[in-house]
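I opened the notebook today to look up how a set of strands pair and where charged side chains meet. The entries follow the order in which I checked things.

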Amino acid sequence: VSFFSGGAITDHIGAFAQLTYNNAPFGAQDPADPFTSKLWTWDNTDVRYANTGNIAGMPVTYGITANNNPSVQDPWNTTPAWAFPYAVSNVAPSPAAGTLIAGAFAAHVGGVGAYAWINDLVYLELSGYRTINPNTQANLGADPFRSPGMFDGVAPYWRVAVEPHWGNHWLEFGAFGMYTRVHPWAFTMDTNGFYTFDTFSQTDRYNDIGFDTQYQYQGSNYWITLRGTYIHENQTLDATFGNTLSDNPTNTLNTFKALASLAYGNDNRVVLTGQYFDTQGSSDTG
């Protein structure tokens with residue numbers, strides 16, 4: 001069960017926060033385990049400062065965002081954090097492989113960035129993320145071992161998009177990306193049989209680049225939306241391959257999504273949505 005809250009705090013500061021309640025895994029909990037004992041988990045959270053101004057006579061909305069999931073702050077539903085399907089069951093099948101930018105570190109990182117929406121046309125953003133201390137993650141209800149590891153330094157995230165509109169038509173196209181250096185978990189155990197927070201000294205490098213587009217048309221009593229997203233990821237697995245945990249020293253992964261949606265009624269009372277998705281990449285049984 002997830003609870004959502006969003007809105008203004010002051011004239012220029014606002015927040016969006018999601019809090020999730022999870023049942024104990026397999027119906028039981030171990031009080032000695034700091035991860036399985038957490039039922040409440042912080043989820044997608046974005047706190048931001050926003051203001052308006054002018055540059056060379058052009059209106060600009062600008063601000064600062066602080067969030068815990070790269071792309072959760074994005075204005076469009078083409079980036080990973082809020083892409084369709086917006087909510088899924090834990091028992092529903094889903095692809096076993098996914099890019100790092102598509103939620104691998106959601107709720108495990110904290111980031112701060114600056115953004116600008118220029119002349120009601122161009123959106124620009126640059127943010128930086130670091131992994132949160134594992135003990136702090138545990139206190140927030142996030143199991144650190146559900147992420148690939150710990151960042152080495154700051155991981156930059158960037159976003160650029162253009163959205164021209166005419167009449168009842170809106171067209172967005174843009175790009176986004178993230179570069180990360182990750183120390184994978186070594187999965188060593190202490191004397192009590194719990195995993196320690198040890199990581200390998202080497203790093204795996206992930207370079208994700210995505211391209212997205214969205215078209216919307218507003219009719220008299222309906223909306224039509226078309227979306228597409230393509231993400232290409234290059235993996236350089238110095239740590240994983242160096243510790244015999246992968247077959248290949250490098251891998252690639254490509255994901256593609258195409259969506260069509262019809263919202264009917266003055267209040268969008270009925271919404272029909274369908275999506276095609278495709279995941280391809282190099283084969284690595286390790």
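Is Arg181 buried, exposed or partly exposed? I am working from a predicted model, and in it I find Arg181 partly exposed, with a relative accessible area of 30%.

Entry on the partner of Arg181. I looked for a carboxylate beside this side chain and found that Arg181 and Asp152 meet in a salt bridge, at 3.6 Å from N to O. Because Arg181 sits in strand β10 while Asp152 belongs to the loop between β7 and β8, the pair ties together parts that are 29 residues apart in sequence. I noted that Asp152 is likewise partly exposed, at 30% relative accessibility.

Entry on the strands around β10. I went through the pairings of β10 (residues 169-184) and began with β7 (residues 149-151), which runs antiparallel to β10 and is joined to it by three bridges; there, Phe151 has Val182 as its bridge partner. Strand β8 (residues 155-162) is also antiparallel to β10, with six bridges, and I recorded Gly174 as the partner of Ala161. For β9 (residues 165-166) I found two bridges to β10, again antiparallel, with Trp166 opposite His169. These two strands, β9 and β10, make a hairpin with two residues between them, and Gly167 in the turn has a positive phi of about 55°. Finally, β10 pairs with β11 (residues 204-218) in the antiparallel sense over 14 bridges, and within that pairing Glu172 has Gln214 as its bridge partner.

Entry on Arg159. Which side chain in β10 meets Arg159 in a salt bridge? I found that it is Glu172, at 3.5 Å from N to O; since Arg159 lies in strand β8 and Glu172 in strand β10, this pair ties together parts that are 13 residues apart in sequence. Arg159 counts as buried because its relative accessibility is 2%, under the 20% cut-off, and Glu172, at 0%, counts as buried too.

I then checked Arg159 against β11 and found a salt bridge with Asp212, the closest N and O atoms being 2.8 Å apart. With Arg159 in strand β8 and Asp212 in strand β11, the contact ties together parts that are 53 residues apart in sequence. Asp212 counts as buried as well, at 4% relative accessibility. Following shared partners, I could place Asp74, Arg159, Glu172 and Asp212 in one network of salt bridges.

Entry on the total. A search of the whole structure gave me seven salt bridges, including the one between Arg181 and Asp152.

Terms used:
Residues numbered from 1 in each chain as written. Predicted model: local features only at pLDDT ≥ 70, side-chain atom pairs only at ≥ 80, totals over all residues. Heavy atoms only, no water. Pairing = 2+ DSSP bridges. Helix = DSSP H or I, 4+ residues; strand = E, 2+ residues; numbered from the N terminus. Salt bridge = Lys/Arg side-chain N within 4 Å of Asp/Glu carboxyl O. Buried < 20%, exposed > 50% of the residue type's maximum accessible area, 1.4 Å probe, protein only.
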